[in-house]
Amino acid sequence: AAAAAVPAAKLEDAEALIDSVETFIFDCDGVIWKGDKLIDGVPETLDLLRSKGKRLVFVTNNSTKSRKQYGKKFESLGLSVNEEEIFASSFAAAAYLESIDFPKDKKVYVIGEEGILIELELAGFQHLGGPTDGDKKIELKPGFYMEHDKDVGAVVVGFDRYFNYYKVQYRTLCIRENPGCLFIATNRDAVTHLTDAQEWAGGGSMVGAVLGSTKQEPLVVGKPSTFMMDYLAKKFGITTSQICMVGDRLDTDILFGQNGGCKTLLVLSGVTSVETLQSPNNTIQPDFYTNQISDFLTLKAA
Ligand code: PLP
Ligand code: CA
């Protein structure tokens, strides 16, 4: 068993943390925004970090949008963030397929929303499925079977509000009958916060349905898997010990940072409370925690 982690320290000296790294990776929901609402003090904090020469990168597990669509979202919230700084799990799926030289004459079946389709398209991969399959009913061929495309060589599963039995069966056929067909998950978040009123079934629930019929474990490309971290380290030529990963969720963001060998900062502006952090049941301890990223503006060197 792993040794008990050192409990997270309350961040008291933001300057020291800022000085100790060259890059900040920010999770989005719960850190930068909550749903469609900007979190207080974010623009000023990002400006401060940029003025100190820090590289800023934004990584979200939400696969429903493409990088370009997130660029628009940042802009609509008044944040000047370049598309090149944004890495969504929709993009991660396409980047992963590129990294393994997935053949361009094979097809990708998508359970998920528009973001994944756009990113696959940009990378030049043939795809089928997506939101429009949400209206499809199973059509039985004479002999009582459902037809599927034998050229599907990978299935990508992300959060999908158009999920149905057609998609599960289609995907099950691909995995069981197409030799070597890959099963890629953008993320496995159990719940998400589409609205503040309640928790909503997250991308992990779509992955789970597919897992149930095939018993094949997915390859996860979003947080906490190391794929994006390796990708970012290579792309920007950064050593991961020079990165601080900032997130609101222990089992995705903080684990992502720890798996990558980064410094980690948990913010309490999202899904994790200080009670959860300090509960004896919690095994994931960030290096530091603080209320929100705008604390960087007020915490001074001790
Ligand atoms: N997936 C979905 C569908 C979401 O709505 C969210 C948050 O809104 C997430 C994942 C988590 O996103 P992030 O990694 O930015 O916290
Ligand atoms: Ca988050």
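Helices and strands here are DSSP runs, a helix having at least four residues and a strand at least two, numbered from the N terminus. By that numbering, Asp101 is in the loop between helix H4 (89–99) and strand E7 (107–111). The model is predicted. Ligand 1 sits in its largest pocket, and a calcium ion (ligand 2) is coordinated by Asp27, Asp29 and Asp248.

**Ligand 1**

- The residues that surround ligand 1 are Asp27, Cys28, Asp29, Thr60, Asn61, Asn62, Phe159, Asp189, Thr192, Leu194 and Lys223.
- Sorted by class, this shell holds 3 nonpolar, 4 polar and 4 charged residues.
- Two contacts to oxygen atoms of ligand 1 come from the backbone: a backbone N or O atom of Asp29 lies at 2.9 Å, and a polar backbone atom of Asn61 at 2.8 Å.
- Thr192 makes its contact through the side chain, with a polar atom 2.8 Å from an oxygen atom of ligand 1.
- On its own, ligand 1 has 400 Å² of accessible area, and the protein covers 92% of it.

**Calcium ion (ligand 2)**

- The listed donors are Asp27 (OD), a second Asp27 (OD), Asp29 (O) and Asp248 (OD), at 2.2 to 2.9 Å from the calcium ion.
- Along the chain, these donors follow the spacing D-x1-D-x218-D.
- Asp27 belongs to strand E2 (residues 23–27), while Asp248 is in the loop between strand E14 (243–247) and helix H9 (250–260), so the pair ties together parts that are 221 residues apart in sequence.
- Asp27 and Asp29 also appear in the shell around ligand 1.

**Backbone features**

- Most residues other than glycine have a negative phi, and most peptide bonds are trans.
- Asp101 has a positive phi, near 55°.
- The peptide bond between Lys223 and Pro224 is cis, with omega at about 5°.
- Pro224 is placed in the loop between strand E13 (219–220) and helix H8 (227–236).
- Lys223, on the other side of that cis bond, is one of the residues around ligand 1.

**Ser279**

- Ser279 is in the loop between helix H10 (274–278) and strand E16 (288–290).
- A polar atom of the Ser279 side chain lies 3.0 Å from the backbone nitrogen of Asn281.
- From C-alpha to C-alpha, Ser279 and Asp253 are 18 Å apart in space, and they are 26 residues apart in sequence.

Note on methods:
Residues are numbered from 1 along each chain as its sequence is written. Chains are lettered from A and ligands numbered from 1 in the order in which they are written. This is a predicted model: local features need pLDDT of at least 70, side-chain atom pairs count only at pLDDT 80 or more; totals for chains, interfaces and linings use all residues. Side-chain values use heavy atoms; hydrogens and water are left out. A residue is near a molecule or strand if one of its heavy atoms lies within 4 Å of it. A polar contact is a pair of N or O atoms within 3.5 Å; within protein, one must be able to donate a hydrogen and the other to accept it, and residues adjacent in sequence count only if both atoms are side-chain atoms. Accessible areas come from the Shrake-Rupley method with a 1.4 Å probe; for residues, only the protein chains shown count as cover. On a 1 Å grid over the protein atoms alone, a cavity is a set of points where a 1.4 Å probe fits but cannot get out, and a pocket is an open set with protein on both sides within 12 Å along at least five of seven lines; lining residues have an atom within 4 Å of a point. A molecule sits in a cavity or pocket if more than half of its atoms lie within 2 Å of its grid points. Ala, Val, Leu, Ile, Met, Phe, Trp, Tyr, Cys and Pro count as nonpolar, Asp, Glu, Lys and Arg as charged, and the others, Gly among them, as polar. Donors are N, O and S atoms within 2.8 Å of the metal (3.2 Å for Na, K and Ca); water is not among the atoms, so sites may look incomplete.
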